[in-house]
Amino acid sequence: MRHLLSAADLDRPTAIQVLDTAAQMAATQAREIKKLPTLRGKTVVNLFFEDSTRTRISFETAAKRLSADVINFAAKGSSVSKGESLKDTAQTLQAMGADAVVIRHPASGAPHSLAHCGWVDTSVINAGDGTHQHPTQALLDAFTIRRHLSPGGVRRVGADGDQGVGGGLDGLRVAIVGDILHSRVVRSNVQLLTTLGAEVTLVGPPTLVPIGVEAWPCQTSYDLDGVLATGPDAVMMLRVQRERMGAGGGGFFPSPAEYMHLYGLDARRIARLPEHSIVMHPGPMNRGLEISADAADSPRSVIVEQVANGVAVRMAVLYLVLAGVPTGDAAPAAGSADAKGAAR
Ligand code: NCD
């Protein structure tokens, strides 16, 4: 894997390879000494043109746990026009010896330009571009679903120290709810989850469902209670992205109270889900809008776990992009020279 720009870059065997590598990485993170020497001498640049808390910190932690050097570049506020600033910035970073650039950008397609316009020859990892793609978020979501639910919808995490290695998400049913229109998370998840065999249903108000959604490999509904009544294995809530709605909220829904009433997940709705179902959210959450506090903090919620899994998944992606070891030898096993090097 040279770049990771879109969930569409991942065919089923590659996606499973990343998830299996992430499971091995997660196992190393349970040790007392979490740092591996795997990417010693490599330089990873975090190039963030848009706000981020967990994704940026997650990539930084992942790179550091693999012993790479990390440069954080918060580019927000630059007055240079987007194309020029991206090209100039990227060439500067390349001149400083970057091996991989992790980029978040408000313009859909910016990571693609960086990877394919010939400006730089580093690896490029998309950490979210506009409303387009966020492939590592979809990978950590798939990883979280796989660790919790075996096909058939039976909870299995923690049963026997199972790291969830092997297999896809065949037959699992996932409902993704909320602001579909502005969400790169949903676009990546629809692609990846269906590649892995899950059945995805999107739910949101008509104003927040994009034109052309019929062509996506999923079902669409405007009726949250109707979809919850079908007993989905996982319910993924999406943030209402007010910063992309323009001044005054853009008229996408009449009021926050009405949005919560029709499309918010609360304890009452969770109580109607099958016992094994899990509740997800990529964060940051608008508590009291798309999700109530009691739903976010309920025992069904795996939201904090998603954040932890993000580090393991990003370690796997950085490892596969920068070390490029084929399937089978993916992560240093306990007791291997690499793992021992962690203690040095
Ligand atoms: C998502 C993003 O930035 O696209 N968040 C994240 O990466 N943790 C979703 C969102 O902002 O709503």
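I count a residue as around the ligand if one of its heavy atoms lies within 4 Å of it. I also keep in mind that this is a predicted model.

**Entry 1: the shell.** I looked up which residues surround the ligand, and found Arg-54, Thr-55, Arg-104, His-134, Gln-137, Arg-184, Val-185, Arg-239, Gln-241, Pro-282, Gly-283 and Pro-284. Sorted by class, I get three nonpolar, five polar and four charged residues in this shell.

**Entry 2: the pocket.** Where does the ligand sit? I find the ligand in the largest pocket. Helix H2 (54-65) and helix H6 (184-195) are the elements that give two or more residues to the shell. I then checked the domains: domain 1 (7-133 + 308-343) and domain 2 (135-305) each supply at least three residues to the shell.

**Entry 3: polar contacts.** I looked at oxygen atoms of the ligand and found one 2.7 Å from a polar side-chain atom of Arg-184. For Thr-55, a polar side-chain atom lies 2.9 Å from an oxygen atom of the ligand. With Pro-282 the backbone takes part: one of its polar backbone atoms is 3.1 Å from a nitrogen atom of the ligand. How much of the ligand does the protein bury? Alone, the ligand would expose 310 Å², and the protein buries 94% of that.

**Entry 4: backbone notes.** I followed the shell residues Gly-283 and Pro-284 and saw that the peptide bond between them is cis, with omega near -5°. Pro-284 belongs to the loop between strand S11 (278-280) and helix H10 (293-296). I also stopped at Ser-67, in the loop between H2 and strand S2 (69-74). Ser-67 is not a glycine, yet its phi is positive, near 70°.

Methods
Residues are numbered from 1 along each chain as its sequence is written. This is a predicted model: local features need pLDDT of at least 70, side-chain atom pairs count only at pLDDT 80 or more; totals for chains, interfaces and linings use all residues. Side-chain values use heavy atoms; hydrogens and water are left out. A polar contact is a pair of N or O atoms within 3.5 Å; within protein, one must be able to donate a hydrogen and the other to accept it, and residues adjacent in sequence count only if both atoms are side-chain atoms. Accessible areas come from the Shrake-Rupley method with a 1.4 Å probe; for residues, only the protein chains shown count as cover. On a 1 Å grid over the protein atoms alone, a cavity is a set of points where a 1.4 Å probe fits but cannot get out, and a pocket is an open set with protein on both sides within 12 Å along at least five of seven lines; lining residues have an atom within 4 Å of a point. A molecule sits in a cavity or pocket if more than half of its atoms lie within 2 Å of its grid points. Helices (H or I, at least four residues) and strands (E, at least two) are DSSP runs, numbered from the N terminus. Ala, Val, Leu, Ile, Met, Phe, Trp, Tyr, Cys and Pro count as nonpolar, Asp, Glu, Lys and Arg as charged, and the others, Gly among them, as polar. Domain bounds come from an automatic or database domain assignment.
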